[in-house]
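Please take a moment with the sequence and the structure shown here, and then follow the paragraphs below, which go from one part to the next.

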Amino acid sequence: MLYTNLKHIETAAQLEKAISDNENVMVVCGRMGPMCIPVYGIAEDIEDEYKHVQFFDMEFDNPEAVVIRRLPEVRGFMGIPFTIYYKNGKVVKATSSIQTKEQVTTILNKEFGAPANKKTL
Amino acid sequence: MNEVQQYDAIVVGGGPAGLTAGIYLSRARVKTLILNEGTLGGQMILTHEIANYPGVESINGFQLANIMKKQAKSFGCDLLANINIASMSLGDDIKTITLSDGKSFSAPAVILSPGGRPRTLGVPGEGKFKGRGISYCATCDGDFFTDKEIVVVGGGNSALEEAVSLTKYASKVTIVHQFDHFQAFEHAIEEAKKHPKISFIMESTISAFHGENGLESVDILNLKTNAVTPFKTDGVFIFIGYVANTENLKGMVALNDWGEIVVNSDLETNLPGVFAAGDCIAKRYRQVTTAVGEGTVAALAASNYLHRRKQSHS
């Protein structure tokens, strides 16, 4: 069980539906652990800003998460969380281990586009 | 132009020191804001079990952080996490902090508690193999290395204790340490030394990481002879201490040679109205309990400063 405020994915079928129903999806697949919690926190904090992206989590040790653990894009990953970015149902980016907000938003901006109301100094 | 939001005190950093300062200040009816560049809780949330926090037998670091956060909020403290600080002006009577989204906050008192982050080796390949063979957390990533041969870098308590815990998974653990002796407590050294799966390479460090998709080998540099030896390994866990997150404070407050903020016993920096607490300050022991104590002292000293300032302005 992941104690986050993100939408949870519990089955492979739910993941399939999430990525087919939404153009831009970010899924953080991890545990309630030190490398994962900061990434969930970043997703929670930017969720309102990135309205064109759907954010989900999935428990790494859930047998159904095999659909993420077996992706070719995560071959060689040896650190959780596995964070997968899907565009139109296809994986466009995957990262391993803890990330900073800057690293996450750089990927989101590149793959899905910056939020329309994004302010810059 | 955005309006500047006024506070009595701004705490930069939301680890145990910053959250404690927020609790004390808000409870004293000081209008307080905590600004945190990452997830609230700091290094504390990277700890699976805290068993030496007095009054609590054992608690997960994330849970303890959440309790502190709830406490601070309940006293009226405002909290902003995962923000980016674009600029700080700390030299004047009223200090101003501006975020990268343009929001600005000002206050006569500031407590700096930006914490620290795990030190990296900073050698070729380290960035490439992070999460692909290089890890900084045994509890998180240990099971990826089941029946594999791994290296642990470091010689303090974390390195030796995590090396022993990694023997649950790894078939062999080699500890690489830069000195000829360890800095850990005696019991940790003894436990590592007597473990049949652990061996040691002393007075050495890793000078490069190699591999294709994942880590395959490292170069081990003997610091005495300068000889470099290739060493096959499936993974490397790095536990070589922490560095203070004070890069954006250079030239603003007094820092020592290690980038730590220099403070007096009241945790005042060289700037009036600017205090510091937690892993960012020059000190010997870095524990949740010491951070909490410093958060308390900094908050009380800041309250006192605000009181004196108010009297002198009236």
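**A walk through the predicted model**

In chain A, helix α4(A) lies across the strands β2, β3, β4 and β5, and its course runs at about 20 degrees to β4(A). What you are looking at is a predicted model, and the description that follows should be read with that in mind.

The strands just mentioned belong to an open sheet of 5 strands in chain A, whose order is β1-β3-β2-β4-β5 and whose pairing is mixed. At its edges are β1 (7–9) and β5 (90–96) of chain A, each of which pairs on one side only. If direction is ignored, neighbouring strands of this sheet are turned by 25 degrees against each other on average. One pairing can be followed in detail: β1(A) and β3(A), the latter made of residues 54–59, pair in the parallel sense over 3 bridges, and within this part Ile9(A) stands opposite Met58(A) of β3(A). Helix α1 of chain A, residues 12–21, also packs on the sheet, where it touches β1, β2 (24–30), β3 and β4 of chain A, and its direction makes about 125 degrees with that of β1(A).

Another helix of chain A shows how a helix can be surrounded. In helix α2(A), which covers residues 37–46, 8 of the 10 residues are buried, and therefore this helix is largely enclosed by the rest of the structure. The buried residues of α2(A) are Ile37(A), Pro38(A), Val39(A), Tyr40(A), Gly41(A), Ile42(A), Ala43(A) and Ile46(A). What covers them includes β2, β3, β4 and α4 of chain A, together with α2 of chain B, and with that last helix we can turn our attention to the second chain.

Chain B holds an open sheet of 3 strands in the order β14-β15-β16, with antiparallel pairing. Why do β14 and β16 of chain B each have one side without a neighbour in the sheet? These two strands, β14 (204–211) and β16 (228–232), stand at the edges and have a single partner strand each, so one side of each is left without a neighbour. From one strand of this sheet to the next, the twist averages 30 degrees. Between β14(B) and β15(B), the strand of residues 215–222, there are 7 bridges, and the two strands run antiparallel; here Gly211(B) stands opposite Leu215(B) of β15(B).

We can now look at the aromatic rings, which form 10 aromatic pairs over all chains. One of these pairs is made by Tyr85(A) and Phe112(A), and it is tilted, with 6.4 Å from centre to centre and 50 degrees between the planes. Because Tyr85(A) lies in strand β4 (residues 82–87) of chain A and Phe112(A) lies in helix α4 (residues 101–112) of chain A, the pair ties together parts that are 27 residues apart in sequence. Both Tyr85(A) and Phe112(A) are buried. In chain B, the rings of Phe237(B) and Phe239(B) have their centres 6.4 Å apart and their planes at 20 degrees, so this pair is stacked. Phe237(B) is buried, with a relative accessible area of 0%, and Phe239(B) is buried with a relative accessible area of 11%.

Ring pairs also link Phe60(A), Phe77(A), Phe82(A) and Phe144(B) into a cluster. The charged end of Arg69(A) sits over the ring of Phe60(A), at 5.5 Å from the centre of that ring, while in chain B the charged end of Lys31(B) sits over the ring of Tyr7(B), 4.7 Å from its centre.

Finally, two loop residues of chain B can be examined. Gln43(B) lies in the loop between β3 (32–35) and α2 (61–74) of chain B, and a polar atom of its side chain lies 2.7 Å from the backbone oxygen of Gly116(B). Leaving aside neighbours within four places in sequence, Gln43(B) is in contact with Gly116(B), Arg117(B), Pro118(B), Tyr242(B) and Asp279(B).

Glu268(B) is found in the loop between β18 (242–244) and β19 (274–276) of chain B. Is Glu268(B) buried or exposed? Glu268(B) is partly exposed, with a relative accessible area of 27%. Its side chain makes a polar contact with the side chain of Asn264(B) at 2.6 Å, and, not counting residues up to four places away in sequence, Glu268(B) touches Val262(B), Val263(B), Val274(B) and Phe275(B).

How values were computed
Residues are numbered from 1 along each chain as its sequence is written. Chains are lettered from A and ligands numbered from 1 in the order in which they are written. This is a predicted model: local features need pLDDT of at least 70, side-chain atom pairs count only at pLDDT 80 or more; totals for chains, interfaces and linings use all residues. Side-chain values use heavy atoms; hydrogens and water are left out. Two strands pair if DSSP finds at least two bridges between them. Helices (H or I, at least four residues) and strands (E, at least two) are DSSP runs, numbered from the N terminus. Axes are lines fitted to C-alpha atoms, for helices over the stretch in contact, and angles run from 0 to 180 degrees between N-to-C directions. Rings of Phe, Tyr and Trp (its six-membered ring) pair if their centres lie within 6.5 Å; planes under 30 degrees apart count as stacked, over 60 as edge-to-face and the rest as tilted. Buried means under 20% relative accessible area, exposed over 50%, partly exposed in between (1.4 Å probe, protein chains only). A charge sits over a ring if NZ of Lys or CZ of Arg is within 6 Å of the ring centre and within 35 degrees of the ring normal. Contact means heavy atoms within 4.5 Å. A polar contact is a pair of N or O atoms within 3.5 Å; within protein, one must be able to donate a hydrogen and the other to accept it, and residues adjacent in sequence count only if both atoms are side-chain atoms.
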